[in-house]
Each structure stands twice: as structure tokens, then as C-alpha cells.
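User: Please take a close look at one chain of this model. I would like a connected account of its confidence, its make-up and its contacts with its surroundings.

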Amino acid sequence: MKLTLTLAVCILLVFLNPRGVFSPVRGFFLTLAYPFQKIFYLTGNKISGTFSFLESISNLKNENKGLIGENDRLAAEIASLQGQKRENEILREQLKLAPRDKFNLESSLVIGQDPGGLGGWIMIDKGSAQGIAPGMAVIVSDGILVGKVEDVYWESSKVNLLTDSSASVSAIDLETGAKGIVRGEYGLGLSIDMVAQTDTLNEGDTVVASGLGSGIPGGLYIGKIQRISATEDKLFQKAQVVPKVKYSKLEVVFVIKP
Amino acid sequence: MAQKAVIFIFIFLAAVIQFSFFPSLFPLGTCPDLLLLLVIFWALREGFEKTAARAVLAGLLADLFRFQPVGVDIFLFSLAAFGASSLAKRFLVSHRTWEFFFTSGVVVAGTIVYAISFNFIGGIFYSKGGYGQVTTLWHILDWSIALRIILNLAIFALAFRPLEKIEKAFELYGQRMPGFRK
């Protein structure tokens, strides 16, 4: 009897899904859990980091050789980037994108993440007490967009990552100016679609947020284009977008406040 | 009252560990189901009647911390508690070693059923409770279930004796299931 009643109530709750009713309850428990979450998450990261370090010792020699080679390559790249920097500034000006150093940033520690490994969301240690509001863009240190604040609690917030299946951001190919929508692919990666067949997409092009709609400032780096294809109906082009950061390894993020 | 408070703190901390400690410790994206293990452990020893409230609390916290529609994990944990307690009644185990192996077997079965059910329900309600995500057989039977079984067994093996000791130390429980070692 007890089981039947519990199951019946659960089915009703799942189908009715009264988010509004449970939001305060969720907020209460998240506020209660906040200090513990912070301690446990950081401890877990430290332990995981120690294991990674031990694991990496065996690869140090090869890694060192690779790094020397990469250093030489980067030195050459810096020289060529000086020119591209100027070009980028001109492009940003033409596209009316916000300069990256003008953002009002709120630094936050990641204190939890989607345990299902779907890369859907993270929890950060800043909430309404620090002026965080739903819809704010979340970036990592060098202006790379990682997601958007979805739910805000007193001292923590839930950030929906770009890789979440429900995420969509208006984006632009910085090199060709092609516009599209970047979407998450169930935690597996990103893709840009709704790109008109008349627009040009090239592998390796940089995709940035266009700043149209959704409250996300334009010019935030999203990733690089890879594997271009036509959509099933052949009306648009789509491409995989390779993000620059590993979403499962985020430790510190910045919320862009207005 | 004190017993209930201790159980609440216990389940609450287990939820925090499951949703904040494990994800950072297991970057592969597959984490042990600590709350499920607790529910199974209690259901095997205490029976469904006494574990039902704990299963509901554990499920509620899992739903809240996982940001999914409330009810999904309450449903699954209640079923897990009921299944585990039915198995304990059906198969009487008296020897200490066999008790551990029997419980491990239930953990494996519980993990498989839970993961398949969760993937199925999660496929329908994943994220914001929106309907319509395609749920394929491949999505339901994904490879991570095998890894999850190994992790759950490892955590269970580590936690089994400490849980028994805590049980004795706090005298949280009344009579155990018939057939189990007293």
C-alpha cells in the first residue's frame, strides 16, 4: 500500500513537474549544502589532480620533448598573430563586438557538476547574494563562453553549459561572417547549424557569439569549426564545433554581469 | 527524534558526496550511486516498511541536486528498496560472508535496473522536464552501466563494514530482517 501510494505520487509529480513548487525547496537544500559542496568538490579536485600528476610522471620525458617542439612552433605563431591581432581588432570593430576587457566579471568556483557525465550543467559558488541573475553569460578566463546561468539560489547558481542539449546560442563565423546557431549535443560536443547554404564555412574557422538575442555579449569565443555537412533537409549547413576547454575540468569561471 | 536527525544528516551528506565529491573525483562522467547503495543496504537489513521514508528522502535529495523533475529518483529508490527487501525475505542468508556476497549481488542487480530505468526515464525527461528526446536502445543500455557496477561494488565493499559499525554505534535501527545475522 505504502509503495503503491509512493509510486502513484511520484508518477503524478513527474508528469505534472511543478517546478515552481520545488524551486524554494531546492533553493533551501542547495543553500544548506553550499559549504559542504564547496569543500567536497575542491577536495575531490585535489585528489583527482594528485592522481593525474602521478599518472603524468611516467609520460614526462615524452611530454617534455613535445613541449620543446610546441614552444618553437608557438614562437613562430606569436609572430604571425601580431598581424592577426590588428586584423581581429578591425573585425571586432566592424562587427560591433564588445571588447573583452570591458566586462564586469564575477569570478566563481565550480562546486558541482552533472554527475551523469552528460556535461549538461555545473554549479558555481555565486548566487543572488552576489548579484547573479538568470541569463547571464559564463566564461572562462580568456573570454571563452562556456554557458549561461539558468537557476539562481542565494549563494550558488546552476549554469547550463553550451554542451547541454537545451543550449542554443546565436553565433558567427569570425572569418567568413556566416551566421548560425550553436547547440549542445547531449554533452558530447557542440555544433553550429541553421547556416544558410549561401554562407561559407571553412574547417578551422573561429566561431564566436554574435550577441544577437539571448543576452550573451557578442565576440565571446566558442570554438573552431570541424566537419561541415548539410542538414538533412539540405536547406542549411551544419558543422561540428570543437570547444577550446574541457567542460568536465572547469574549476574557475566568470559570470558576466551587466 | 535524534535517530531521525542522524539519518537525515547521513543521507544529506551522502547526497553532497554523490553530487559534489564524486563528479570531481571521477572525471569519466560515471559516478557511484551512493544514495542507491544506502537505500539497498538499509532495505536488506530493515525491510521496506522501515526504509521507505529514507528512500523517499534520498530520492528527493537526488532529484533536487540533479535538477531533474522531482519524483524520478523517489520512484526508483522506492522500487529499489522494495525489491531489495523482497529479495532479503525470499533468500534467507545467515552466514556473515554470504551476507556480504548476497548483498553485493543485490547491489549489482539494483545498479543495472536503476541505470536502465534512469536512462529510460532520463531520456524522456532529461533537462527542464522537456518531452520528446529520442530514447534509443543504445542510449538506455550504454557502456557506462558496466563501469558503474564496478564503481558501486568498490564503494559498497569499502562502505559495508563502516556502515555496519555506524549502525551499531548510533543504534539507528530496531529489529533486523529475519534471516540476517543478529
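Analyst: Within chain B, mean pLDDT (the predictor's confidence in each residue, from 0 to 100) is lowest among the elements for helix H6, residues 137–140, at 56, and highest for helix H3, residues 48–66, at 90. The model is predicted: local features need pLDDT of at least 70 and side-chain atom pairs count only at pLDDT 80 or more, whereas totals for chains, interfaces and linings use all residues. Residues are numbered from 1 along each chain as its sequence is written, chains are lettered from A and ligands numbered from 1 in the order written, and side-chain values use heavy atoms, without hydrogens and water.

Chain B has a mean pLDDT of 78, and 76% of its residues reach 70 or more. In two stretches pLDDT stays under 50: residues 127–134 of chain B, for which the model has 20 contacts beyond four places in sequence, and residues 177–182 of chain B, with 26 such contacts. A contact here means heavy atoms within 4.5 Å.

Chain B holds seven helices and zero strands; helices are DSSP runs of H or I with at least four residues, strands are E runs of at least two, and both are numbered from the N terminus. Of the 182 residues in chain B, 58% are buried, that is, under 20% relative accessible area, with exposed set at over 50% and partly exposed in between (1.4 Å probe, protein chains only). Among contacts in chain B with a separation of 6 or more, 69% join residues 24 or more positions apart.

One such long-range link is a salt bridge (a side-chain nitrogen of Lys or Arg within 4 Å of a carboxyl oxygen of Asp or Glu) between B:Arg148 and B:Asp33, whose closest N and O atoms are 3.7 Å apart. B:Arg148 belongs to helix H7 (residues 144–170) and B:Asp33 to the loop between helix H1 (2–25) and helix H2 (34–46) of chain B, so the pair ties together parts 115 residues apart in sequence. Both B:Arg148 and B:Asp33 are buried.

The partner of chain B comes into view at B:Gln68, which sits in the loop between H3 and helix H4 (72–90) of chain B. B:Gln68 counts as buried because its relative accessibility is 12%. Beyond four places in sequence, B:Gln68 touches B:Ala62, B:Asp63, B:Asp73 and B:Phe118, and also A:Arg26 of the other chain.

Taken as a whole, the interface brings 49 residues of chain A into contact with 43 residues of chain B. The two chains bury about 3,900 Å² between them, 72% of it on carbon and sulfur atoms; this area is the accessible area (1.4 Å probe) lost on putting the two parts together, summed over both. The structure holds seven salt bridges over all chains, yet the count between chain A and chain B is zero. Six residue pairs, both at pLDDT 80 or more, are in polar contact across this interface; the rule asks for N or O atoms within 3.5 Å, within protein one able to donate a hydrogen and the other to accept it, and residues adjacent in sequence count only if both atoms are side-chain atoms.

On the side of chain A that touches chain B, at least two residues each come from helix H1 (2–16), helix H2 (19–57), strand E1, strand E2 (121–124), strand E4 (144–152) and strand E5 (157–161) of chain A. H2 of chain A supplies the largest share, 17 residues. That side of chain A divides into 24 nonpolar, 16 polar and nine charged residues, where Ala, Val, Leu, Ile, Met, Phe, Trp, Tyr, Cys and Pro are nonpolar, Asp, Glu, Lys and Arg charged, and the others, Gly among them, polar.
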